[in-house]
Each structure stands twice: as structure tokens, then as C-alpha cells.
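Subject: Structure handover

Dear colleague,

Here is the structure you are taking over, with the sequence alongside. My notes on it follow below.

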Amino acid sequence: MRPAHYSRCWLATLLLAYGLFAAAAAPAEELLTVAEKTDYQATSRHAEVMAFCQALGKQSPLVRQISMGKSNEGRDLPLLILSDPPIATPEEARRSGKIVVMAFANIHAGEVEGKEAMQMLARELTLPQGHPLLKKLVILINPILNADGNEKIDPKHRAHQGGPTGGVGLRENAQGLDLNRDFVKLRSPEIRALVDCFNRWDPWLIVDCHSTNGTFHRFLITYDGPRHPSTDPAIHKLSQTELLDEIRRRFEAQSPYKGFFYGFFTQDRTSWYGYPPQPRYGIQYVALRNRLGILSEAYTYADFKDRVAATKAFVLSNFQYVVDQDAFLRRLLPAADQRSANLGMEADRSHDLVLRYKVVPLPGRYDVLGYVEEVKDGKRVPTSQTKDYPVTYLGGTEPTLTVKRPWVYVIPPEQVAVIATLQRHGVELHELTEPKEVEAEITLVNQLRQAERPFQNVRLLTTQQTTKRTAAVNLPSGSVIVPMKQRLGTLAGVLLEAESEDGFLTWNLFGESVKEGADYPVVRILQPMEWSTRPLPPLNQD
Ligand SMILES: [Zn+2]
């Protein structure tokens, strides 16, 4: 059905033809989000998001909708593909030569503004006609990643936030997992589906939409970018210099809001810090894949309507940045891929894998726009009086433990969970087709610490003390080989190293085979050699 406001009046038709009518046009009823229909008192259910996506697909020829996969409880995880001309598959996207970008929302289903904002953004980019960005980009949008958590809507959840009064969903998925801690171990079908989407579509910039917890400030959006010290050096440098500033400038120019780095005050209010840049977090994981991961955090105490508007403007600013920097990014990211594919033993030590690090301030001082605070009932609360706090931003890292890249890692064939998880990450693997005696570097785990309590259903492990030795090893036929010289080599190294701060050992993927006084199952081979191998057949995805 065509909306009533599509007047027959020739003037309106003319304006529409020139796209000048777009801002004034109110969308048809089925193309209003639940937030808009309820004056921001409620957020959409999964079925309502699906109906919206379908209605949008009917109205605009520039929209394709597919399913990324299914949630634990069998709900479709919708993926909108926006492009002018339209595109339906990753192969078509590659043939078009356009850069693919992505935004996903509701990974924490209590943080719902991104879900509403992404539906609206998809509508505004495609109706009444294609936005100029769609000529340059293929835009992927998943508005509802934690589809099951979303359906547990309850007004008691996140009651401190500025609406919606009708309630929001749960942070965790149906397995009780925090999906934004699942990017190393890939235990949830939702993150498996998302990573599969990364592997298929290869988006160059990915925005992950959240809302904040805690700190009081006057920024509607706080953001973060690649910070893991093993991130490709050019991407890391961009992230620590102009990337986030450039996006912020666009966001502030097109909205009444302000933006800043995501984080919290230290107790003494002199520093600002977010979280350790570990690959368990989506955007840090994306960076270890040589792509730009951007975190969007809407200010939780702001009105729901402002949070939605700010998230929409921020995501759009990211996409605009990619178009404005098209030529630069077409040099930067392929060069990062080239570097990963060529780094090996001959590379200088500046390309060592960083396994552990400490957090350090970035140069310069920043002002956090906050409030005068007072203590009430033992809690710090803001007054209505504004105050700017000069701070250092602890957004940098300094390596404390590094390791030289091996030529390959070798994994025993019985480590099926480790091998399958690497395959899900999209890491290229081979298998030995003959038994082979090789000289390898072996890591003895002298001391292992296990967390007292489970986190995400796992009692996390950390190696406290290890000893490395070089010895002859008999590798059985079927041993799985992970070449470092590949696009995802850095990621594979961070996942596989025994001393990695956030790798497979951390999440106990090796089970009983990792213990104190025993050799770590994965060995490192430092020098290239001749052997008979073949590509490992793809994982039988369930
Ligand atoms: Zn969140």
C-alpha cells in the first residue's frame, strides 16, 4: 500500500522526483518502528522486526533480506542488504567492486536503541529512493542479534535507563551467554552466524550498537575502535589517531549530540578507561581480522528517543566516513591483508605477536563533559550543574609479553573443538597426509591458574609459568596445520598461543589435555619445510 501523503499534486510529485520530499514524508504505518508507533514507550519484538524488514523489502527494490542463521530457540537472525543497484549475494557484492559495511544491534538485548535505529536507518537509506551512499557501499544491517534475549521483555530490566517504559529484553542469550564475550570461543549460534557473515561478506567496517552502564556524562554516544596491540600496525595507528575523531566530527556535524571515547572515570576522576582490548569483544576481534570494528554506546540515562536518534546518526557517520575515505581505505586494508599473508620468521621483531600488555595513557589531555557529583545514600549521583573533567585517556597499550611468529602451528587431530572453532573463524587449515618427524618448539605448562568462579560457564585458565624447548616431534597423519602466512594469521596466533591473555586455552577449549606439568598440545614450527599436506575439508555446519 502506498502511503496517503504521496499526493497526486504535481508539485509534490516534482519534489519527490528530486528527493526533496524525503525529509518531510512520514512513512507508511507498516514502515514505522514500534518505537515510533508508541511514542518511544516500547521496543519491537522479534516478529515485529521481521515484519518491518519484509515490508521494507516490498516497498523498496534496493532492499534484500536474508537470514544469517538461527538463534538457540530457532528465531531467524535477519540480514538486510541495502545497495543501489540491489545486491543479493556476497559474490554479487564482490563483483560490484563496492565496499561492504555492516552494523548490528541488540547483541545485548537490554540495549534496544540500536534495534530501532537500524530499522529506521534502513528505511531512510532506501525510501522514497536510494540514498547516495548506496551507490558507493553495500550496507548490511542486522537489527536484532540476540533475538531470544529480546523476547524476554520486562519493565524491570534496566529500569534505570531513560525508557522505554514498556521494558527491554535480557542481556544474555538463551544459553545464558553474554554474546559480546563469545568472539574467541564461538559457543553461541548467534555469534557463529555473525562470524560466518563476516567470512562470507567481508565487511570492511562493522559497527556494534550498545548502551552504556554507569558513568554520568554529557555524551550521547561514546565509542571505541581497534586497540589490541597485535592489530595490524597501520590499522592500530589509524584507530589511535584520526579514525574515531573523523567519525565523531561527522556525528557532531549532523546531530545535536556530542561524542567521546567509551569508558569510565577512575576513582580519582583524573583518568578515563574502557575495558581491556581482548578478542572476546566483537570490535577487537574484528580488528584482529584486519577490519575496522567500531563500538557505539548510547548514553543510558538519556531519553530513549535521543538514544535512538544518536545511534542512527552515529552509524550513518561511520558509513559516510568510509565513502569519504574510499581511496585511503582501499590502500590501507588490502595492505594489512598483504602484511598478514607475508609475515613470518623473516619479519622483524616489531611484528611479534603481543600476548600480554599493560594499559597506558594516549598522549594529550581530554575533557570529559560531566556533572558536579554528590554522594547520596552512599552513592555518587550527578547534580544538574555541569562540570568538565580534564583526564588522561587510558586507550593505549604497552606490550609486556611478546612471541615471535612461527611458520606454522600444528594441532593434534583429536583436538576437535579447537579445530572446529578455528574453521568457524574462517582460518585456513591443512592436514598432514603422512606421519612426519619434525623439529618443533614445545611449550611445557609449569603452572596454570584457574579462576575460582565460572565466567560465561567457564572457569577461565591462565598460564602462570611456561618453558619452551625445541625437540623432535612425531606428528601423526591428520595433524592439523595452521599457516601463519594468511590473512587471519594474527588472529590464529592470538587464539592458539599458550600464553595469550584471551585465547583458546583461556576458555578451556583443550579440556583435560591442558594441565600443569604437561606439554601444551599445540606446537610451533619455526622454519619452513617440505611435507605432504592437503586443505582440511570444510566443517560440516550444523
Ligand atoms: Zn552492551
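**Backbone exceptions in the loops**

Pro164 lies in the loop that joins α7 (147-150) to α8 (189-201). The model is a predicted one, and in it the peptide bond from Gly163 to Pro164 is cis, with omega near 5°. A second cis bond runs from Leu127 to Pro128, where omega is near -5°. Pro128 sits in the loop between α5 and α6 (133-136). Most peptide bonds are trans, and most residues other than glycine have a negative phi.

Phi also has its exceptions. Tyr40, which is not a glycine, has a positive phi of about 65°. Its loop is the one between α2 (34-37) and α3 (46-59). Tyr40 counts as buried, because it has 23 C-beta neighbours inside 10 Å. Asn457 has a positive phi as well, near 70°, and belongs to the loop between β17 (436-450) and β18 (461-475). With 12 other C-beta atoms within 10 Å, Asn457 is exposed.

**Helix α5**

Helix α5 covers residues 113-126, 14 in number, and spans 20 Å from its first C-alpha to its last, close to the 20 Å expected. Of those 14 residues 13 are buried, so α5 is largely enclosed by the rest of the structure.

**Helix α10 and its neighbours**

Helix α10 (residues 242-254) has 13 residues; the distance from its first C-alpha to its last is 19 Å, close to the expected 18 Å. Which of its residues are buried? They are Leu243, Leu244, Ile247, Arg248, Arg250 and Phe251. These residues lie on the same side of α10, because the arc they cover around the axis is only 160°. An α-helix has 3.6 residues a turn, so residues three or four places apart point the same way. Asp245 and Ala253, on the other side of α10, are exposed.

The cover over the buried residues of α10 includes β6 (221-224), α9 (233-240), β7 (259-261) and α12 (304-324). As for α12, its axis and that of α10 come within 8 Å and cross at roughly 125°, which makes α10 oblique to α12. The crossing is right-handed. On the α10 side the contact is made by Glu246, Ile247, Arg250, Phe251 and Gln254. The α12 side supplies Ala313, Phe314, Ser317, Asn318, Gln320 and Tyr321. Ile247, Arg250 and Phe251 thus appear both among the buried residues of α10 and in the contact with α12.

Regards

Technical notes: Residues are numbered from 1 along each chain as its sequence is written. This is a predicted model: local features need pLDDT of at least 70, side-chain atom pairs count only at pLDDT 80 or more; totals for chains, interfaces and linings use all residues. Helices (H or I, at least four residues) and strands (E, at least two) are DSSP runs, numbered from the N terminus. The expected span of a helix is 1.5 Å times one less than its number of residues. A residue is buried if 20 or more other C-beta atoms lie within 10 Å of its own, exposed if 12 or fewer, and partly exposed in between; C-beta atoms are placed from the backbone. The arc is that of the directions from the helix axis to the C-beta atoms. Two residues are in contact if their C-beta atoms, placed from the backbone, lie within 7 Å. Axes are lines fitted to C-alpha atoms, for helices over the stretch in contact, and angles run from 0 to 180 degrees between N-to-C directions. Angles under 35 degrees count as roughly parallel, over 145 as roughly antiparallel, 65 to 115 as roughly perpendicular and the rest as oblique. A crossing is left-handed if the near helix is turned anticlockwise from the far one by less than a right angle, and right-handed if clockwise.
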